[in-house]
Amino acid sequence: MAAGGGGRNVPLCSAQHGPRAAPLDGMRRDGGGDPYWSRPESRVWTVMLLLGTCLLYCTRVTVPICAVALSTYFDWDKKQSGVVLSSFFWGYCLTQIIGGHISDQIGGEKVLLLSASAWGFLTVLTPLLTHVTSAHLVFMTCSRFLMGLLQGVYFPSLASLLSQKVRESERAFTYSTVGTGSQFGTLVIGGVGSLLLDWYGWESVFYFSGFLTLLWVYCTCKYLLSEKDLIIPVDYLMKGLSISKQTKVPWKQLFKKAPIWAVIVAQLSTASTFFTLLSWLPTFFKETFPESKGWVFNVVPWLVAIPTSLFSGFLSDHLINQGYKTITIRKFMQVIGSGVSSIFALCLGQTSSFCKAIVFASASVGLQTFNHSGISVNVQDLAPSCAGLLFGVGNTGGALLGVICVYLAGYLIETTGSWIAVFNLVAAVNSIGLCAFLVFGEAQRVDTDSAYMDL
């Protein structure tokens with residue numbers, strides 16, 4: 001990675017001090033030659049990024065998992081809980097675009113690790129700081145807002161990194177594999193977190209996820225990055241903060257193209273509905289089926305989502321390698337991810353059986369992972385040179401709509417006393433995004449003036 005000359009250096013993480021581990025066999029760390037990862041390199045990075053995504057969600061879902069306990073502890077009603085839950089997305093939407101752009105300039109791995117260090121420390125400190133303030137609602141709202149700011153850069157940085165390091169024929173499976181970290185993380189925090197919550201109280205859930213995140217950052221810095229990679233020259237970072245007028249990316253033309261807006265609208269729709277389910281499903285099960293065990297409804301849906309995500313990536317890459325057009329496969333995956341999953345969400349609001357509710361929730365959450373092989377990689381199809389920034393634009397919209405949907409869900413529950421309206425909202429928003437992508441979606445590259453290749 002090129003460095004700016006003469007500027008002050010910012011250490012990426014403390015792992016640079018002391019003796020460094022030898023490079024793993026078969027891994028290319030000099031950045032020369034083929035820009036794509038070698039197979040050994042790709043495997044190791046895929047596993048580590050999967051773990052990073054897992055821990056991202058472990059820390060993100062701490063508050064939803066502990067929502068009922070926190071409401072009881074701090075005497076919050078549903079509207080106040082909705083404010084705390086939705087505040088995450090206010091922060092989340094503010095760093096998406098700039099995080100993606102900086103990643104396109106200096107490398108997604110650097111941005112990922114810097115942000116992970118910060119949100120790991122914040123998660124560990126949150127329960128400690130609640131005991132030194134009396135304004136608990138204000139503090140937890142600000143804490144979640146800051147958590148959103150720090151985690152907002154993660155997926156744009158991931159999209160930027162994979163678009164530059166993974167070949168197109170392998171992107172769907174790689175992204176789907178890394179994406180299973182979101183379900184695996186929710187699964188881990190749902191299972192272990194529920195047990196910790198029952199045994200040691202809500203504070204232990206924060207300590208568990210925070211310390212594991214810091215351990216992941218240390219291991220990644222120590223074993224996957226060279227000494228040079230751990231230093232970010234300040235002047236080079238400042239260049240990444242501004243979008244040069246002489247950039248090779250034709251921004252005006254880019255945002256005039258219907259496929260770009262189609263994938264953005266679809267992305268903001270799926271992101272916002274996923275955030276809504278992520279935030280309110282634990283409370284839905286706890287209140288609708290009060291005798292049920294938390295480790296069941298917090299684990300089973302996300303356990304199902306892991307193999308479905310892997311299968312969607314494998315199926316997508318296999319069909320493309322068999323000669324099917326890329327856009328046909330992307331749209332097929334999106335129909336399952338947004339359309340079929342919404343049907344099961346609607347069924348969830350109509351059932352009074354705990355077993356059926358688990359089945360419907362598992363199907364809805366599991367099938368949503370087909371989005372990883374649809375719109376999530378379609379951004380990389382359209383504009384690999386600025387995939388991080390474009391992914392950030394879509395996720396910013398998703399976070400903004402997520403704020404509205406999460407708060408609106410709490411409002412609907414509080415005023416109507418019914419969960420049906422919440423799942424109707426999820427289905428309606430998903431349908432809008434799906435229709436936009438089916439009508440206007442494409443998979444030909446649009447970030448270059450050269451002749452397009454019809455994929």
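**Exercise 1.** In this predicted model, find the helix that holds Ala-409, and decide whether Ala-409 is buried or exposed.

*Solution.* Start with the helix: Ala-409 sits in helix 19, which spans residues 387-416. Next, look at accessibility. Buried means under 20% relative accessible area. Ala-409 has 0% relative accessibility, so this residue counts as buried. Now look around it: leaving out residues up to four places away in sequence, Ala-409 touches Thr-276, Trp-280 and Val-422. Finally, try a distance: the C-alpha atoms of Ala-409 and Trp-419 lie 8.4 Å apart, with the two residues 10 apart along the chain.

**Exercise 2.** Work out how helix 16 and helix 18 are oriented to each other, and which residues make their contact.

*Solution.* First, take the axes of helix 16 (residues 326-348) and helix 18 (residues 375-382): they come within 9 Å and cross at roughly 155 degrees. Angles over 145 degrees count as roughly antiparallel. Helix 16 and helix 18 are therefore roughly antiparallel to each other. Their crossing is left-handed. Then list the partners: helix 16 brings Thr-326, Ile-327, Arg-330 and Gln-334, while helix 18 brings Ile-375, Val-377, Asn-378 and Asp-381. Sorted by type, these contact residues are three nonpolar, three polar and two charged.

**Exercise 3.** Describe the largest nonpolar core and name the helix that gives the largest share of this core.

*Solution.* Begin with the count: the core has 104 residues, and Leu-49, Phe-155, Phe-285 and Leu-348 have the most contacts inside it. Helix 13 (residues 258-288) supplies the largest share, 14 residues. A second, separate core has eight residues, including Leu-319 and Phe-370.

Terms used
Residues numbered from 1 in each chain as written. Predicted model: local features only at pLDDT ≥ 70, side-chain atom pairs only at ≥ 80, totals over all residues. Heavy atoms only, no water. Core = buried A, V, L, I, M, F, W, Y, C linked by side-chain atoms within 4.5 Å. Buried < 20%, exposed > 50% of the residue type's maximum accessible area, 1.4 Å probe, protein only. Helix = DSSP H or I, 4+ residues; strand = E, 2+ residues; numbered from the N terminus. Axes fitted to C-alpha atoms, helices over the stretch in contact; angles between N-to-C directions. Parallel < 35°, antiparallel > 145°, perpendicular 65-115°, else oblique. Left-handed = near helix turned anticlockwise from the far one by under 90°. Contact = heavy atoms within 4.5 Å. Nonpolar A, V, L, I, M, F, W, Y, C, P; charged D, E, K, R; others polar.
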